[in-house]
Amino acid sequence: MSNKQPRGEVIHGDIFDVAPGLPQGKAALVYIDPPFFSGRKRSNRSDGPSYDDRWPGGLGEYLAFLRRLLESTQPLLKANGVIALHLDWRAAHHGRIELERLYGPNAFVNEVIWSYRTGGLSKRWLGRKHDSIHVFASGKDYTFNLTREKSYLAHRYGFSNVEIKEDEHGAYTHTALRDVWEIPALRGNQREYVGYPTQKPLALLNRLVGCFTNPGDLVLDPCCGSGTALVAARQSGRDWLGVDAGNDAVQLALRRLSEAVM
Ligand SMILES: C[S@@+](CC[C@H](N)C(=O)[O-])C[C@H]1O[C@@H](n2cnc3c(N)ncnc32)[C@H](O)[C@@H]1O
């Protein structure tokens, strides 16, 4: 356990301008949740915070941005650090190829599927209700904390050498966490929701930070938005460093961090 108080900073600026001045080779986890290539200005209310996810130059322009984002943050990752790139069906496949190009195919650790059940359905395809988080490591000795979760049992047969526990939902065993994470998306009436478009749930970032870092480590989020990854870091005793091009995002992240306690 680290005894030092967690510390951090949130910087307002374009990551391409800011990155060269950030501490090189220090981040244990670089979590990147960039615009997803949705082709829209992202906002939840016309007078609320927003960010631009429009690419007049099409996929080519977006991929040049993504490549530049990964290249400019690579020197910030420490040896044996972990990078987690969060995308959805629009560009996740491109993101993985870019990571392989930069870090090499052997650096692959996981493709975490974040599965959720938001509303909206199509008559032409199955509900697109998951994001992919591609996890790569910059060295073989990266941090991995094996995490266990409750796995509820449909029956009790065949579990003679496993401990079966019980709670209000039924009987369960503890099994090692898989790479599919069923975590509810944020709803507008939740306490942690601050109205930032595409704000991610803390439960998701708590897990990611817990699996791939230790207390005292530095978590860097170069597109931090409302600061979900930074809050997860602060609450669990990690240092944090956030950057965002939007001033509203930075103000929200700073407010959330000031309210976050370990
Ligand atoms: C998907 S949102 C991040 C949401 C965040 N994870 C949260 O939970 O609130 C993407 C963010 O990337 C930021 N962004 C886009 N281009 C950027 C750039 N060049 N430099 C810094 N931030 C950028 C946007 O302002 C936006 O806040």
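This is a short chat about a predicted model, its sheet, two of its helices and the shell around its ligand.

Student: Which order do the strands of the open sheet come in, and how many are there?
Tutor: There are 8 strands in the open sheet, arranged in the order 1-13-12-2-5-7-6-11, and their pairing is mixed.

Student: Which strands stand at the edges?
Tutor: The edges are taken by strand 1 (8-12) and strand 11 (180-182), and each has a single partner strand, so one side of each is left without a neighbour in the sheet.

Student: And how are neighbouring strands turned against each other?
Tutor: On average the angle between neighbouring strands of this sheet is 15°, with direction ignored.

Student: In what sense do strand 5 and strand 7 pair?
Tutor: Strand 5, residues 77-87, and strand 7, residues 130-137, pair in the antiparallel sense over 6 bridges, and in strand 7 the residue His134 is the bridge partner of Leu85.

Student: Which strands does helix 3 lie across?
Tutor: Helix 3, residues 92-103, lies across strand 5 and strand 7, and its direction is at about 0° to strand 7.

Student: What about helix 4?
Tutor: Helix 4, residues 202-212, lies across several strands, including strand 2 (27-32), strand 6 (108-115) and strand 12 (218-221), and it runs at about 150° to strand 2.

Student: Switching topic, how many residues surround the ligand, and which are the closest?
Tutor: The ligand is surrounded by 20 residues, of which the closest are Tyr51, Cys223, Gly225, Ser226 and Thr228. The elements giving two or more residues to this shell are helix 1 (15-18) and strand 13 (239-244).

Student: What is the shell like by class?
Tutor: By class, the shell around the ligand holds 10 nonpolar, 6 polar and 4 charged residues.

Conventions: Residues are numbered from 1 along each chain as its sequence is written. This is a predicted model: local features need pLDDT of at least 70, side-chain atom pairs count only at pLDDT 80 or more; totals for chains, interfaces and linings use all residues. A residue is near a molecule or strand if its C-beta atom, placed from the backbone, lies within 6 Å of it. Helices (H or I, at least four residues) and strands (E, at least two) are DSSP runs, numbered from the N terminus. Ala, Val, Leu, Ile, Met, Phe, Trp, Tyr, Cys and Pro count as nonpolar, Asp, Glu, Lys and Arg as charged, and the others, Gly among them, as polar. Two strands pair if DSSP finds at least two bridges between them. Axes are lines fitted to C-alpha atoms, for helices over the stretch in contact, and angles run from 0 to 180 degrees between N-to-C directions. Two residues are in contact if their C-beta atoms, placed from the backbone, lie within 7 Å.
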